[in-house]
Amino acid sequence: MRKKIIAGNWKMNMLPNEAIEMIQQLTDYVKDTENEVVLCVPYTDLFYALLTAQGTNIKIGAQNMHYEEKGAYTGEVSPKMLKSIGVEYVIIGHSERRQYFAETDETVNKKVKAAFANDLKPIVCVGETLEQREAGNAFDIITSQTEKALDGLSPEQAENTIIAYEPIWAIGTGKTATSEDANEACKKIREKISEIYGQNVANRVIIQYGGSMKPENAKELLQMSDIDGGLIGGASLKAETFEKIVNYNK
Ligand code: PGA
């Protein structure tokens, strides 16, 4: 059985005092869950979030990073810097970064490798636009993004890469993919991984769904055979809503 990973993606929200308060509230709600609980927070919240989450089962992640360890890259944060303060997870290639910040399959691949080189757990986002879905290209897009993200990784690294299937048309729109559609897409991603690395690796890879996941639809989505967790934006900003997703199976 694959463990479920429920990860919040705060995006560009939450000041340090709000982050501390949210994590303090969340701590009690989620302390008995068997699911992995992760919050991916803005850089300016990382240190506060890590301190507040110390001694709890809440893990802290970043939302992006550079692939180089250091150097003349004004404004960037390196994987080594994240690791040095105790960050465990990092989101890579979120569609907002692909769309607004020129992230490509190539930079995603470099960042995934850099994450492993620094002992960070990458959550790699893949997903199609509405146009691509309507043209019947969704599965080609997401399997190709997956293949390029994993390019050159060892089987062990591939197995430890978390993939988040996030159809772009479902992000922040209130539109969720049906649980069947989301599951089918996650299955296609798993099949692609099986093609490259074999069934054993594919069976162990965690594949999340993301896109307007909320307390009302989380249970149905998370019970599907190939959906092993969620990447949650809007509904991760409040402890009361996020905990309901984390505790979907209670
Ligand atoms: P959403 O965002 O839950 O607000 O749709 C998900 C994401 O972009 O990771």
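A polar contact is a pair of N or O atoms within 3.5 Å. The model used here is predicted.

**Exercise 1. Find which residues make up the closest surroundings of the ligand, and sort the shell by residue class.**

Step 1. Count the shell. The ligand has 13 residues around it.
Step 2. Pick out the closest. These are Lys11, His94, Glu166, Gly172 and Ser212.
Step 3. Sort by class. The shell holds 7 polar, 4 nonpolar and 2 charged residues.

**Exercise 2. Test the ligand's oxygen atoms for polar contacts with Lys11, Ser212 and Gly233.**

Step 1. Take Lys11. An N or O atom of the Lys11 side chain is 2.8 Å from a ligand oxygen.
Step 2. Take Ser212. Here a backbone N or O atom is 2.7 Å from an oxygen of the ligand.
Step 3. Take Gly233. A polar backbone atom of Gly233 sits 2.9 Å from a ligand oxygen.
Step 4. Check the cover. On its own the ligand has 280 Å² of accessible area, and the protein covers 95% of that.

**Exercise 3. Locate the nonpolar surface patch formed by Phe47, Tyr48, Leu51 and Ile85, and assign Ile85 as buried, partly exposed or exposed.**

Step 1. Size the patch. Phe47, Tyr48, Leu51 and Ile85 together have about 380 Å² of accessible area.
Step 2. Find the main contributor. Helix H2, residues 43–53, gives the most, with 3 residues.
Step 3. Place Ile85. This residue belongs to helix H3, residues 79–85.
Step 4. Apply the cut-offs. Buried means under 20% relative accessible area, and exposed means over 50%. Ile85 has 34% relative accessibility, so Ile85 counts as partly exposed.

Note on methods
Residues are numbered from 1 along each chain as its sequence is written. This is a predicted model: local features need pLDDT of at least 70, side-chain atom pairs count only at pLDDT 80 or more; totals for chains, interfaces and linings use all residues. Side-chain values use heavy atoms; hydrogens and water are left out. A residue is near a molecule or strand if one of its heavy atoms lies within 4 Å of it. A polar contact is a pair of N or O atoms within 3.5 Å; within protein, one must be able to donate a hydrogen and the other to accept it, and residues adjacent in sequence count only if both atoms are side-chain atoms. Accessible areas come from the Shrake-Rupley method with a 1.4 Å probe; for residues, only the protein chains shown count as cover. Ala, Val, Leu, Ile, Met, Phe, Trp, Tyr, Cys and Pro count as nonpolar, Asp, Glu, Lys and Arg as charged, and the others, Gly among them, as polar. Patches are made of residues with over 30% relative accessible area and no salt bridge: like charges are joined within 9 Å, nonpolar side chains (Val, Leu, Ile, Met, Phe, Trp, Tyr) within 5 Å. A salt bridge is a side-chain nitrogen of Lys or Arg within 4 Å of a carboxyl oxygen of Asp or Glu. Helices (H or I, at least four residues) and strands (E, at least two) are DSSP runs, numbered from the N terminus. Buried means under 20% relative accessible area, exposed over 50%, partly exposed in between (1.4 Å probe, protein chains only).
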